[in-house]
Amino acid sequence: MTMLEKTTTGGPGGGEDDAVLTVDDLRITFSRGGKLIHAVNGLSYTLRRGRMLAIIGESGSGKSVSVRALMGLLPPSAYITGSARLHDIELIGRSDKAMREIRGRDVAMVFQDPARSLNPTMSVGAQITEALRMQSEISRKAAAERAVELLKLVRLPAAERRFHEYPHQLSGGMRQRVMIAIALAGNPKVLIADEATTALDVTTQAQIMELLVDLQERLGTAVILISHDLGLAASYADDVLVMYAGRAVEHAATSTLFRNVRMPYTKALLGAIPQLTTVPHSQLTVIGGQPPDLSALPTGCPFRPRCPKATEKCEEAPPLDEHEPGHWYACWHPVSRDDPALTGGAIDETAPEVAGPPANADTEDASAAADEHEEVVR
């Protein structure tokens, strides 16, 4: 699947009738060393049933912090304002006890490192069974049977045998499948994958992403994919939201955004991705400068100090508006298809495919064979 073959229905806004999660003006501030760190600054989006939203940005842009706020997983030092409604349930401001009734059952998260997320002293089956019994009143036997079903659902080979094994006996890809099985135990409406494929090799990464897409389509689950990888978003997501300095700077359906990138920061990110047509041994493109200090954000557009298109006008903060049908961006000087001011070249329908996960890398048989092979190598 190339970056432009992903079809979508509708744009980031609208479709409120099937909206699962609506985030409105979310702001998160931390106090540290006498300074206020503005981690998220007015983030808004709508997530709809059966769709995948990719939230993309450099490290420190506020991606993970924003979704952890939805789960109630931020420390007490975090000051959170705004709204995040799961259907008619407000998530922001709920007590930890009230959030326990929602975590896993309505919203679940798959974390980056499964080796650190799984309990090394408990078998895989015991951990899934525990999650199941926390979400519903079922017998231990019924929970064990359901756990095996979940392991089969996430395409873990020899599920009955894996049920009795421990995390250290599994490969990285297998452990991540177990984490997804635990996340699915409560049949959540929203599944958050927070850098869930970063620690995996490219082939296993493609298998996990294909699995998430299959579960999304089969179960109607809405998925939030947190990543710094635009290539991954181009291949698998329905909609893309680009964040910088805690703000959304561009938001559109995947096909719309990659055919017509408008925000200079988005184009710079895309230009920094190695492409299959890149001349061998040539230097990789980098974005100059450093991400802004979130305790001392510059006035106006936060990308202004690093943007070659910046002018005096950029000292005034640009709003995130729908400048084109279904395409939101925050920029006074949007780039065009053939704008030479930024690296990365023109973005059009014939854009070269980025070097990312191999296409069609995950059929059920191929996935099982790859995991079995990895176990033998280990």
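1. Two strands are taken to pair if DSSP finds at least two bridges between them. On that basis, this predicted model contains an open sheet of four strands in the order β2-β1-β4-β5, with antiparallel pairing. The edges are occupied by β2 (35–48) and β5 (89–90); each has a single partner strand, so one side of each is left without a neighbour in the sheet.

2. The strand contacts within the four-stranded sheet may be listed pair by pair. Strand β1 (residues 19–32) is joined to β2 by 11 bridges, and the two run antiparallel; in this pairing I28 stands opposite V40 of β2. On the β4 side, eight bridges join β1 to β4, again antiparallel, and F30 stands opposite A78 in β4. Strands β4 and β5 are antiparallel and are joined by two bridges, with E90 of β5 as the bridge partner of R85. These two strands form a hairpin with two residues between them, and H87 in the turn has a positive phi of about 55 degrees.

3. One helix should be noted against the four-stranded sheet, whose strand order is β2-β1-β4-β5 and in which β2 and β5 stand at the edges. Helix α1 (residues 63–71) packs on this sheet and touches β1, β2 and β4 (78–86); the direction of α1 makes about 110 degrees with that of β1.

4. As to the chain as a whole, its secondary structure comes to 12 helices and 12 strands. The chain has 378 residues, of which 52% are buried. Among contacts between residues at least 6 apart in sequence, 71% join residues at least 24 apart.

5. A second open sheet is formed by eight strands in the order β6-β7-β8-β3-β9-β10-β12-β11, and its pairing is mixed. Its edge strands are β6 and β11 (321–324), each of which pairs on one side only. On average, and with direction ignored, neighbouring strands of this sheet are turned by 25 degrees against each other. Within the sheet, β3 and β9 run parallel and are joined by four bridges; L241 in β9 is the bridge partner of I55.

6. Two helices that pack on the eight-stranded sheet deserve a separate entry. Helix α8 (residues 202–219) touches β3, β7 (190–194) and β8 (222–227), and its direction makes about 140 degrees with that of β3. Helix α11 touches β3, β9 and β10, and its direction makes about 100 degrees with that of β9.

7. How many residues of helix α11 (residues 264–271) are buried? Eight of its eight residues are buried, and the helix is mostly covered. The buried residues include the charged-class K267 as well as P264, Y265 and L269. The cover over the buried residues of α11 includes β3 (52–56), α9 (230–236), β9 (239–244), β10 (247–253) and α10 (254–259).

8. V124 is a further position for inspection. This residue is found in helix α4 (residues 124–135) and has a relative accessible area of 1%. Because the cut-off for burial is under 20%, V124 counts as buried. Leaving aside its neighbours within four places in sequence, V124 is in contact with L151, R162, F163, E165, Y166, P167, L170 and V178. V124 and V178 are 54 residues apart along the chain, and their C-alpha atoms are separated by 7.2 Å.

9. The largest pocket holds about 700 Å³ of space. Of the 24 residues that line this pocket, G104, A131, M134, Q135 and I182 are the closest to its centre. At least two lining residues each come from β6 (107–110), α4 and α7 (172–183), and α4 gives the most, with five residues. By class, the lining of the largest pocket has 13 nonpolar, six polar and five charged residues.

10. Enclosed space is the last item. The structure holds two cavities of 30 Å³ or more, and the largest cavity has a volume of about 80 Å³. Of the 13 residues that line the largest cavity, the closest to its centre are P264, C301, C307, C314 and C331. By class, this lining has 10 nonpolar, one polar and two charged residues. P264 also appears among the buried residues of helix α11.

Technical notes:
Residues numbered from 1 in each chain as written. Predicted model: local features only at pLDDT ≥ 70, side-chain atom pairs only at ≥ 80, totals over all residues. Heavy atoms only, no water. 1 Å grid on protein atoms, 1.4 Å probe; cavity = no way out; pocket = protein on both sides within 12 Å on 5 of 7 lines; lining within 4 Å. Points joined across faces, edges and corners; volume = space filled by probe spheres on them. Contact = heavy atoms within 4.5 Å. Axes fitted to C-alpha atoms, helices over the stretch in contact; angles between N-to-C directions. Buried < 20%, exposed > 50% of the residue type's maximum accessible area, 1.4 Å probe, protein only.
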